[in-house]
Amino acid sequence: MLLPWQDELPFVDYALMDASSTSENKNKAGKAGARRNFFRQFFALCGPYWNSLHCWRVRGFTVLFGLLTLAQVGLAIWINYWNRELFDALEQRSLSQFVLQIGEFAVIFVLTIVVTGAHLYVKRWLQLDWRAWLSMRLLNHWMNKGRHYQLLYVEGEHDNPDGRIADDIHVVTEMTISLGHTLFYSLLILFSFIDILLAVSGSAKVPGTDIGVHGYMVWMAFLYAGIGAAVGFLLGRPLISTTNALQTAEANFRFSLASAREHTEAIVVMQGERAERKYFARLFHRLRGAWNRQTFAYMGIVSYSTGYGTLLPVFPLLIAAPQYIAGGMTLGILMQAAQAFQKLTSALSWPVDSLGDIARCRASADRVLSLYENLLQLEEKERNPNACRIERNVGENSHLIFKHLTVADHSGLVLLENFSTEIAHGERVLVTGDQVIADGLFKAIAGLWRWGQGFLHLPQASIAFMSQRPFLPSIALRDVLAYPASSDTYSDEAMQHALTMAGMTWLIPRLNDSDIWDRVLTTRAQQRLSFARVFLQKPDWVVIQAATDDFDESGEDSLMSALHRELPQAGIITLSQHKNLEKHHQRTITLARLVEKKYLFGADDQCLLPVVHEDAPSEEALLVPPMRRKSDPKAYKPTRV
């Protein structure tokens, strides 16, 4: 069930990055400690959670979280005074007072259980809810307008975005709330137990002088914690960079395993298991190195913290014992002072005790911020009126119109220049020629590709895009056919008819079955299933990218004929290298590379070629002639661009 602030996000197929491409980001592993304005950037990303649509519920839980923390501090103070009264009763050998303290402890015991349980529930609710909100915020930016695809082609520290969203956001939200709680708790303990320690510790003379120091145990606690924090920070400084490096190495190793799982068939066919094992070994070797560097960083701080913590319970007894021996305090006051000293010192030692969690949280926050910043940069470039991008919009015209369209690759190299044509609804057009240019044109029509210039006007109608490798989610077959719509939209008879027209009657009994379809089906079967999806959904337009290239001529003819029968009024654009497809289309456009290399933009994304306006005059040599609909589908006219 979606919460009020969640948008419904379709599960969209996206290209997986090759794990080897992440190696270029390794040198950025230690960047966490160098980020400027970290807190401002972090709160800009996460702060709006407390102003979200269900903000009153969030704020209510946050206030309750603070009140329960106050209750924990109150119980700690109560326990401190109870210890004093207990040991005084023992020193006085008073049975009645001892029984009274047992009853008081029973009340403290019950309240502690109730407060701790409620506090844990509220904390975990906030952690999960904040994680859900932040995950959806990143997903809304990532899985939108093809940015998850475009991100693969831009520079930046955004390797393994899936891991950053799934794992790093988990760490950030969980650790930030836990650290916030312990910091708030430590501050309350600090101010509460300073007063207690000042009241019970009395005064002591500086050795060798007559100078008395009131509340000397307070100053000793500050000195003890100060020395501990200073040494701890020096020993723990390498933790942030080494933790960030380890998390990056872990993500790369995990990604390579997942990538191998996705391409198991290709690896077996190419007999690549040995090469994969070597690659896994290299990645794990890097992981081992990062692990060892973090181990050495931990060794110093853990060894020091162990000695520091071992001395803590004994140290206050040693410095307060002379007063007790001299009769300046009772046994109860001595134990109360020792416990107050420990509480105060623990509060002052929060930075040292939390250093490992701070390092882990900071490293994960940097990874999330890097991804978020790169996504915002993509969005900013889209909004920049002077940017080199393809203007793609939906209009009331029923035609698909290209005006002065220039398509470049992500480096700025021009693939297709000043392409203009118009395709009417119901026309069937074959686009052939250079495959790289055809692929770029398909991505531009689909909205995957922003690098270029010119105008692309889409009709206000349903458009189905059929790629060479269709996306088949691992869900029930009826849901695969209806994707991305709900399967309830179509009847069983319509689904059975669609499968029959695609030559897949053998799959009809499996309509309710779930499977890993992109593995159990052959490439041709997957493409036939893609055609069955189009036959079922009956879009107004179909754009096909080499979806029949794996078939022989008879299989290709069968599918294209079925497409024309099932969707006689649809506009069809087929991008393929097969000349056999010409008889199924009314005209052909042949794409060719430019004679000389041209670059649309440089490394700074600034346009190098003049900006083209929609009403600019066309160059006749580069334009496709106006569409002339043929009554005979075989009477096509090739046009070379």
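This passage describes a helix pair and a sheet in a predicted model.

Helix 2 spans residues 55-92, and helix 11 spans residues 331-348. The two helices pack with their axes 7 Å apart. The angle between them is about 155°. Angles over 145 degrees count as roughly antiparallel. Helix 2 and helix 11 are therefore roughly antiparallel to each other. The crossing of helix 2 past helix 11 is right-handed.

Residues from both helices form the contact. Helix 2 contributes Ala76, Ile79, Asn80, Tyr81, Asn83, Arg84, Phe87, Asp88 and Glu91. Helix 11 meets them with Leu331, Gly332, Ile333, Met335, Gln336, Gln339, Ala340 and Lys343. By class, 8 residues of this contact between helix 2 and helix 11 are nonpolar, 5 are polar and 4 are charged. Arg84, Asp88 and Glu91 lie on the helix 2 side of the contact. Lys343 lies on the helix 11 side.

The sheet is open and has 4 strands. Their order is 3-7-4-5, and the pairing is mixed. Strand 3 (391-395) and strand 5 (414-423) form the edges. Each of these edge strands pairs on one side only. Neighbouring strands of the sheet are turned against each other by 15° on average, direction ignored.

Within this sheet, strand 4 covers residues 400-408. Strand 4 and strand 5 run antiparallel. They are joined by 6 bridges. Leu405 has its bridge partner, Phe419, in strand 5.

How values were computed:
Residues are numbered from 1 along each chain as its sequence is written. This is a predicted model: local features need pLDDT of at least 70, side-chain atom pairs count only at pLDDT 80 or more; totals for chains, interfaces and linings use all residues. Side-chain values use heavy atoms; hydrogens and water are left out. Axes are lines fitted to C-alpha atoms, for helices over the stretch in contact, and angles run from 0 to 180 degrees between N-to-C directions. Angles under 35 degrees count as roughly parallel, over 145 as roughly antiparallel, 65 to 115 as roughly perpendicular and the rest as oblique. A crossing is left-handed if the near helix is turned anticlockwise from the far one by less than a right angle, and right-handed if clockwise. Contact means heavy atoms within 4.5 Å. Ala, Val, Leu, Ile, Met, Phe, Trp, Tyr, Cys and Pro count as nonpolar, Asp, Glu, Lys and Arg as charged, and the others, Gly among them, as polar. Two strands pair if DSSP finds at least two bridges between them.
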